[in-house]
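Here is a structure to read with some care. The questions that follow ask what lies behind the words used to describe it.

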Amino acid sequence: MFRSLLKLAVVAIFAILAYNYFLGNREEKEDSRRVFSQMRGVIVSVTQIIKSESAKFDAGKYDEALDKLGGAYKAIRQQAQRMDEKMLTRLDELERRKTAMEQELDSIEQVDQQPVITDKKKGAAGSSVEKSKKAAEQQRRKELLQKKLDDLLRDSDTLLQDAQQ
């Protein structure tokens with residue numbers, strides 16, 4: 001319900017801005033131009049952030065983080081004789097999550113390397129639509145992977161703190 005209300009508000013705001021841009025008085029037109037100009041700036045900034053994250057992804061940001069986690073888990077496991085069974089179970093669960101993330105990362109990288117195959121009947125327009133769909137899906141998968149990595153790092157930090165006590 002909240003999402004629907006939020007979407008409706010965004011559409012209403014955009015409609016008012018568009019109306020003022022084309023049919024408003026001089027002051028309203030200037031305000032609308034300024035807002036659209038600022039929106040363009042925000043869109044450019046978001047695009048730059050996405051490109052930056054994509055570059056970090058390609059540079060192995062996630063691989064490095066997962067490798068560090070693997071090393072930390074190995075060190076904890078070596079001191080397992082001092083830990084209780086509950087902590088070992090938590091460690092096993094974290095290692096399973098890390099392995100699943102590595103598999104997801106490999107899957108994302110494989111899709112990134114695949115060319116987009118388009119239907120010749122659709123032509124160039126179909127090609128750009130397919131590319132944008134692929135890019136959007138890949139970005140969604142990368143964002144989800146980043147969230148999972150953040151959660152895994154937080155849970156691993158908690159485990160390490162518990163192990164030190």
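Q: How many aromatic pairs does a search of the whole structure find, and what makes the pair of Tyr21 and Phe22 edge-to-face?
A: In this predicted model, the search of the whole structure finds 1 aromatic pair. The ring centres of Tyr21 and Phe22 lie 5.0 Å apart, and rings pair when their centres are within 6.5 Å. Their planes stand at 85°, and an angle over 60 degrees counts as edge-to-face, so the pair of Tyr21 and Phe22 is given that name.

Q: Why is Phe22 called exposed, and why is Tyr21 called partly exposed?
A: Phe22 has a relative accessibility of 60%, and exposed means over 50%, so Phe22 counts as exposed. Tyr21 has a relative accessible area of 30%, which falls between the limits of 20% and 50%, and Tyr21 is therefore partly exposed.

Q: What do Tyr19, Tyr21, Phe22 and Leu23 form on the surface, and why does Leu23 count as exposed?
A: These four residues, Tyr19, Tyr21, Phe22 and Leu23, form a nonpolar patch with about 470 Å² of accessible area together. Leu23, which lies in helix α1 (residues 2-23), counts as exposed because its relative accessibility is 60%, set against a limit of over 50%.

Q: How do you know that Asp31 and Arg34 meet in a salt bridge, and why are they said to be about one helical turn apart?
A: The N to O distance between the side chains of Asp31 and Arg34 is 2.9 Å, and a salt bridge needs such atoms within 4 Å, so the pair qualifies. Asp31 and Arg34 are 3 residues apart in helix α2 (residues 26-58), which means that about one helical turn separates them.

Q: What makes the contact of Lys147 and Asp151 a salt bridge, and which residues are linked with them in a network?
A: For Lys147 and Asp151 the N to O distance is 3.2 Å, and the limit is 4 Å, so this pair is a salt bridge too. Lys147 and Asp151 belong to a network of salt bridges that also links Glu93, Arg97, Arg154 and Asp155.

Q: Is Gln146 buried or exposed, and what makes its link to Asp150 a polar contact?
A: Gln146, found in helix α5 (residues 123-164), has a relative accessible area of 19%, and because buried means under 20%, Gln146 is buried. Its side chain lies 2.8 Å from the side chain of Asp150, and a polar contact requires N or O atoms within 3.5 Å.

How values were computed. Residues are numbered from 1 along each chain as its sequence is written. This is a predicted model: local features need pLDDT of at least 70, side-chain atom pairs count only at pLDDT 80 or more; totals for chains, interfaces and linings use all residues. Side-chain values use heavy atoms; hydrogens and water are left out. Patches are made of residues with over 30% relative accessible area and no salt bridge: like charges are joined within 9 Å, nonpolar side chains (Val, Leu, Ile, Met, Phe, Trp, Tyr) within 5 Å. Accessible areas come from the Shrake-Rupley method with a 1.4 Å probe; for residues, only the protein chains shown count as cover. Helices (H or I, at least four residues) and strands (E, at least two) are DSSP runs, numbered from the N terminus. Buried means under 20% relative accessible area, exposed over 50%, partly exposed in between (1.4 Å probe, protein chains only). A polar contact is a pair of N or O atoms within 3.5 Å; within protein, one must be able to donate a hydrogen and the other to accept it, and residues adjacent in sequence count only if both atoms are side-chain atoms. Rings of Phe, Tyr and Trp (its six-membered ring) pair if their centres lie within 6.5 Å; planes under 30 degrees apart count as stacked, over 60 as edge-to-face and the rest as tilted.
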